[in-house]
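Visitor: I'd like a close look at just one part of this protein. Could you pick a spot, start from a single residue and walk me outward from there?

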Amino acid sequence: MVTDDRPDSAAGYREDAAALAVQYESVGFEEVHAQVLHLVPERPGRVLDVGAGTGRDAAALAARGHRVLAVDPTVELRVHRGFPWLADSLPELPNTNGEFELILVTAVWMHLDRPERERGMRRIAQLLAPGGRVLMLLRSGPVPAGRRMFDVGPDETAALAAACGLAEVHRSERADAHGRAGVVWTHLALEAPK
């Protein structure tokens, strides 16, 4: 919970849910995650989509046969059905349990401050099955008005992961799919020991 005058991590999402849903759904799962699709397990397994938003990625993974749990605090964004949804959020994910072969954290990490990122990474590591992977998409660039965001680099994120026993197995950058000036995305893939 935020105790200062900053907006919470979901600020602006509830109010702008309809417009954001259109924006999110305008770019497909395969386009967003093209650089890391080879790291998605082919064999169906348990998948956790943290900050699932509209459920675009969860729906694509469910269509591939994965058992998906979509987690997001913003009920107003939920577009897709056909898999379980849970109202929950980082850093603690107190309502989320189990072990997952794949955890997606897409465009979420920048909403957490440093202490929250430390707690969040510990929690992600706890939820990851042995040999499981985390696919993160990190945002850097200008912060939209009314949003709570921090500039979080892949080096810091990889170091937090290493402190939790997760190894970096992939890193790549791409331009913003919506053409926003100054916004750059970094794919970071992490893996738990077997």
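**A walk out from Val 134**

Guide: Happy to. Let's start with Val 134: skipping its neighbours within four places in sequence, Val 134 touches Ile 103, Val 105, Ile 124, Leu 128, Leu 166, Leu 188, Ala 189 and Leu 190. Keep in mind that this is a predicted model.

Those contacts make more sense once you zoom out a bit. Val 134 is among the residues with the most contacts inside the largest nonpolar core, which has 28 residues. Leu 90, Ile 103, Val 105, Trp 109, Met 136 and Leu 166 are also on that list. Several elements chip in at least two residues each, including strand 4 (100-106), helix 4 (114-127), strand 5 (128-140), helix 5 (154-163) and strand 7 (184-191). As a general rule, nonpolar side chains in soluble globular proteins tend to be buried together. Apart from this core there is another one, of 17 residues, with Ala 52, Val 68, Ala 70 and Leu 104 among them.

Now for the sheet. Its 7 strands form an open sheet with mixed pairing, in the order 3-2-1-4-5-7-6. At the edges you'll find strand 3 (85-86) and strand 6 (167-175), each pairing on one side only. Strand 6 runs antiparallel to strand 7, and the two pair over 8 bridges. Here one of our starting contacts comes back: Leu 190 in strand 7 stands opposite Glu 168.

Stay on strand 7 for a moment, as Thr 186 sits there too. Thr 186 is buried, with a relative accessible area of just 5%. Leaving out neighbours within four places in sequence, its contacts are Met 136, Leu 137, Leu 138, Pro 154, Arg 171, Ser 172 and Glu 173.

Pro 154 takes us to helix 5, where Pro 154, Thr 157, Ala 158, Leu 160 and Ala 161 are buried. Looking down the axis of helix 5, you'd see these buried residues fall within an arc of 160°, so they line one face of the helix. They pack against helix 4, strand 5, strand 6 and strand 7. On the face turned away from that buried side, helix 5 carries the exposed residues Asp 155 and Ala 163. Helix 5 lies across strand 5, strand 6 and strand 7, at about 15° to strand 7. Right after helix 5 comes Gly 165, with a positive phi of about 85°.

Last stop is helix 4. Helix 4 lies across strand 1, strand 4, strand 5 and strand 7, and runs at about 145° to strand 5.

Key: Residues numbered from 1 in each chain as written. Predicted model: local features only at pLDDT ≥ 70, side-chain atom pairs only at ≥ 80, totals over all residues. Heavy atoms only, no water. Core = buried A, V, L, I, M, F, W, Y, C linked by side-chain atoms within 4.5 Å. Buried < 20%, exposed > 50% of the residue type's maximum accessible area, 1.4 Å probe, protein only. Helix = DSSP H or I, 4+ residues; strand = E, 2+ residues; numbered from the N terminus. Contact = heavy atoms within 4.5 Å. Pairing = 2+ DSSP bridges. Axes fitted to C-alpha atoms, helices over the stretch in contact; angles between N-to-C directions. Arc of directions from axis to C-beta.
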